[in-house]
Amino acid sequence: MVNAGNMNGSGNLMDFLDEPFPDVGTYEDFHTIDWLREKSRDTDRHRKITNKSKESIWEFIKSLLDAWSGWVVMLLIGLLAGTLAGVIDLAVDWMTDLKEGVCLSAFWYSHEQCCWTFNETSFEDRDKCPQWQKWSELLVNQSEGASAYILNYFLYILWALLFAFLAVSLVRVFAPYACGSGIPEIKTILSGFIIRGYLGKWTLLIKTVTLVLVVSSGLSLGKEGPLVHVACCCGNFFSSLFSKYSKNEGKRREVLSAAAAAGVSVAFGAPIGGVLFSLEEVSYYFPLKTLWRSFFAALVAAFTLRSINPFGNSRLVLFYVEYHTPWYMAELFPFILLGVFGGLWGTLFIRCNIAWCRRRKTTKLGKYPVLEVIVVTAITAIIAFPNPYTRRSTSELISELFNDCGALESSQLCDYINDPNMTRPVDDIPDRPAGIGVYMAMWQLALALVFKIIITIFTFGMKIPSGLFIPSMAVGAIAGRIVGIGVEQLAYHHHDWIIFRNWCRPGADCVTPGLYAMVGAAACLGGVTRMTVSLVVIMFELTGGLEYIVPLMAAAVTSKWVADAFGKEGIYEAHIHLNGYPFLDVKDEFTHRTLATDVMRPRRGEPPLSVLTQDSMTVEDVETLIKETDYNGFPVVVSKDSERLIGFAQRRELILAIKNARQRQDGVVSNSIIYFTEEPPEVPANSPHPLKLRRILNLSPFTVTDHTPMETVVDIFRKLGLRQCLVTRSGRLLGIITKKDVLRHMAQMANQDPESIMFN
């Protein structure tokens with residue numbers, strides 16, 4: 001027996017771990033967080049602050065500051081996200097115009113700003129002013145003719161290639177995580193996965209700069225998806241300034257959910273749509289408190305962007321429109337047809353894009369990201385320049401397609417044959433026969449539609465920031481405008497048909513082609529992303545037209561039904577699966593009749609489960625076990641014979657605890673006994689000090705019995721965000737099920753490759 005004095009002397013040393021030490025509770029890269037543990041840690045922290053607040057005024061003030069820190073973070077996120085979005089919009093506007101010409105009075109002005117600052121510009125000639133010169137006028141003093149066209153064409157391609165090359169080089173050298181849309185990874189991060197550096201400062205800086213470059217290059221991509229990533233980087237940066245969020249991964253994800261809402265708010269000028277997007281599409285855990293904070297962050301972001309006023313029209317987006325005519329019941333049929341088109345386009349796009357991205361991953365193509373971007377940019381610029389609808393920025397194209405033809409419109413799409421006797425107010429121009437310009441525009445739009453459909457498949461997923469919202473909306477808007485003009489002309493020439501007779505009298509303004517473009521845009525975006533509620537809200541916030549909610553809802557629901565008939569996955573879920581991220585989708589249903597015993601490890605024929613005993617293993621034994629295995633943690637049992645479960649110890653915390661003990665506690669050597677019990681084990685007098693590690697032990701690990709249906713296990717993993725779950729029978733440990741095991745089993749049941757789940 002050891003003498004009592006010796007035991008008491010070492011007791012104080014052995015309990016040193018009752019004080020927290022650095023890095024305990026943190027996670028390694030490409031690991032999943034333990035939501036239950038993070039929640040209980042936050043509850044403990046909150047309880048401690050509440051108890052302390054009663055001790056003194058200073059502690060009470062500190063507790064108030066802690067309570068307000070969440071709102072302060074939201075305010076900062078909103079301000080920074082709104083500012084960055086405004087700067088990006090202004091820079092894109094200028095650099096897109098730079099491909100075609102330059103402003104002589106101030107080179108930093110875009111075409112529109114240049115001409116509006118020139119005093120002698122008339123409204124009709126607002127796009128032509130002496131201060132703005134095309135490159136051909138500046139270099140060879142010619143504005144018309146073949147040589148001028150060829151020079152402008154050549155410089156357009158050259159600028160596009162320069163912007164794209166700069167963007168892909170910056171991403172490759174400084175921030176490889178700045179590529180792509182960012183939404184699949186953010187969905188995975190919000191579900192509890194750790195990707196260090198994905199929301200870092202370098203990623204934020206490079207993504208902001210390269211986003212301007214790629215959108216200006218004229219590639220078929222948008223800035224809306226990447227703006228969500230940018231806003232989440234802002235959220236991550238500000239949450240690291242407050243210990244409440246920086247030390248708790250679960251709380252940090254609440255901030256990131258709100259940041260995603262702010263990102264959509266500034267991308268579309270739709271604060272409520274942003275909150276719903278975060279709730280419906282991105283977030284995994286979304287408590288009511290996060291809903292309010294998301295709303296506040298989205299409001300601040302929208303207000304900041306409105307203060308910057310990047311488009312000069314006091315609106316938050318370029319394609320804000322107002323329609324003056326109502327829609328009629330008979331028009332629901334073409335709206336639903338556009339919904340079907342959107343669903344089919346979504347299915348086609350997802351299948352082709354995933355096939356191409358898989359090819360990029362598995363062949364030599366993936367080794368040459370710079371070359372791929374250059375080739376796609378060159379093809380895009382060469383084909384885009386001759387067609388006026390593909391030459392301009394995609395946002396401007398959507399803006400023109402959404403527009404209603406007023407009396408002051410100079411667009412080709414508004415080249416109708418006017419009735420010379422017409423004396424009506426400006427807002428209510430009757431339906432008219434299409435002129436030659438409209439037919440010309442229809443052909444150009446049809447070619448633009450084919451081009452956009454094909455080129456977007458190859459553009460999305462390259463090693464540059466690339467959003468999918470704007471190209472999808474462009475495809476739908478082009479298709480919608482073509483259908484709208486078709487219905488309008490049909491109603492004009494056949495107003496005596498039974499479907500038109502009730503609502504379309506001669507001389508009335510019955511059909512608004514711009515509305516069809518808007519409905520088509522919503523249908524295609526819904527087909528690709530499978531959004532419904534948030535999509536409709538974003539679209540009506542964009543257009544300010546509450547009375548058009550029914551057409552938008554009809555198109556969004558139809559496109560989702562049609563797309564879901566071919567496959568349940570949206571584009572973001574498809575990319576998550578392609579990259580092998582451990583994401584348990586709440587929307588997936590598990591209906592197979594398997595049991596926990598079928599999935600748990602070890603299986604028959606495999607070596608027994610690696611476990612720790614509560615008071616009989618030495619430091620050397622534990623270090624050897626850690627070295628020989630790569631498991632994230634180890635169950636702790638009474639003894640290897642009884643296998644009665646005590647708790648669960650995380651690998652990272654074991655390593656840190658032993659390392660800390662060796663540094664701070666004398667007498668801890670390789671043959672020191674590690675114990676997880678309240679009382680130390682009895683050891684001979686001359687043996688080294690034992691090491692108490694009870695503090696790092698999780699005494700309430702989640703357990704299920706071996707006959708629990710896998711349907712229930714999957715539900716538990718989803719709803720509680722578990723990392724692992726232990727399988728027992730009558731208190732005896734049988735095995736373990738990790739999140740990765742669940743995902744592999746689900747893939748196997750769906751006849752997919754279970755090894756595609758790559759990450760821990």
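Of the 760 residues in the protein chain, 55% are buried. The model is predicted. The chain holds 29 helices and 12 strands, and its C-alpha atoms fill a box of roughly 115 × 60 × 55 Å along the principal axes. The points below cover a helix pair, a surface patch, salt bridges and backbone geometry.

**Helix pair H3 and H13**

- Helix H3 spans residues 57–98 and helix H13 spans residues 288–308; their axes come within 7 Å of each other and cross at roughly 35 degrees.
- The crossing of H3 and H13 is right-handed.
- In the contact of H3 with H13, the residues divide into 14 nonpolar, 6 polar and 2 charged.

**Nonpolar surface patch**

- A nonpolar patch of about 1,200 Å² lies on the surface, made by Ile-57, Trp-58, Phe-60, Ile-61, Leu-64, Leu-65, Trp-68, Trp-71, Val-72, Leu-288 and Trp-292.
- H3 and H13 are the elements that give two or more residues to this patch.
- The most comes from H3, which gives 9 residues.
- Val-72, one of the patch residues, lies in helix H3.
- With a relative accessible area of 35%, Val-72 is partly exposed; patch residues need over 30%, so Val-72 passes that cut-off.
- Val-72 and Gly-101 are 29 residues apart along the chain, and their C-alpha atoms are separated by 44 Å.

**Salt bridges**

- The whole structure contains 24 salt bridges.
- Asp-42 and Lys-251 form a salt bridge in which the closest N and O atoms are 4.0 Å apart.
- This pair links distant parts of the chain, with Asp-42 in helix H2 (residues 35–52) and Lys-251 in helix H11 (residues 249–268), 209 residues apart.
- Both partners are buried: Asp-42 has a relative accessible area of 15%, and Lys-251 has one of 4%.
- Asp-42 and Lys-251 also belong to a network of salt bridges that includes Arg-45, Asp-66 and Glu-254.
- A salt bridge joins the side chains of Asp-89 and Lys-223, at 3.3 Å from N to O.
- Asp-89 lies in helix H3, while Lys-223 lies in the loop between helix H8 (201–216) and helix H9 (224–239), so this salt bridge ties together parts that are 134 residues apart in sequence.
- Asp-89 counts as buried because its relative accessibility is 6%, and Lys-223 counts as buried at 11%.
- The side chains of Arg-601 and Asp-741 meet in a salt bridge of 3.2 Å, N to O.
- Arg-601 is in the loop between helix H25 (596–599) and strand E3 (612–613), and Asp-741 is in helix H29 (residues 739–749), so the pair ties together parts 140 residues apart in sequence.
- The two partners fall in separate exposure classes: Arg-601 is partly exposed at 26% relative accessibility, whereas Asp-741 is buried, with a relative accessible area of 5%.

**Backbone geometry**

- Most residues other than glycine have a negative phi, and most peptide bonds are trans.
- Arg-601 and Pro-602 are joined by a cis peptide bond, with omega about 0 degrees.
- Pro-602 sits in the loop between H25 and E3, and Arg-601, a partner in the salt bridge with Asp-741, is in that loop as well.
- Asn-141 is not a glycine, yet its phi is positive, near 60 degrees.
- The place of Asn-141 is the loop between helix H5 (135–140) and helix H6 (146–174).
- Asn-141 is exposed, with a relative accessible area of 68%.
- Glu-643, also not a glycine, has a positive phi of about 55 degrees.
- Glu-643 is found in the loop between strand E5 (633–637) and strand E6 (645–650).
- The relative accessible area of Glu-643 is 22%, and the residue is partly exposed.

Methods
Residues are numbered from 1 along each chain as its sequence is written. This is a predicted model: local features need pLDDT of at least 70, side-chain atom pairs count only at pLDDT 80 or more; totals for chains, interfaces and linings use all residues. Side-chain values use heavy atoms; hydrogens and water are left out. Axes are lines fitted to C-alpha atoms, for helices over the stretch in contact, and angles run from 0 to 180 degrees between N-to-C directions. Helices (H or I, at least four residues) and strands (E, at least two) are DSSP runs, numbered from the N terminus. A crossing is left-handed if the near helix is turned anticlockwise from the far one by less than a right angle, and right-handed if clockwise. Ala, Val, Leu, Ile, Met, Phe, Trp, Tyr, Cys and Pro count as nonpolar, Asp, Glu, Lys and Arg as charged, and the others, Gly among them, as polar. Patches are made of residues with over 30% relative accessible area and no salt bridge: like charges are joined within 9 Å, nonpolar side chains (Val, Leu, Ile, Met, Phe, Trp, Tyr) within 5 Å. Accessible areas come from the Shrake-Rupley method with a 1.4 Å probe; for residues, only the protein chains shown count as cover. Buried means under 20% relative accessible area, exposed over 50%, partly exposed in between (1.4 Å probe, protein chains only).
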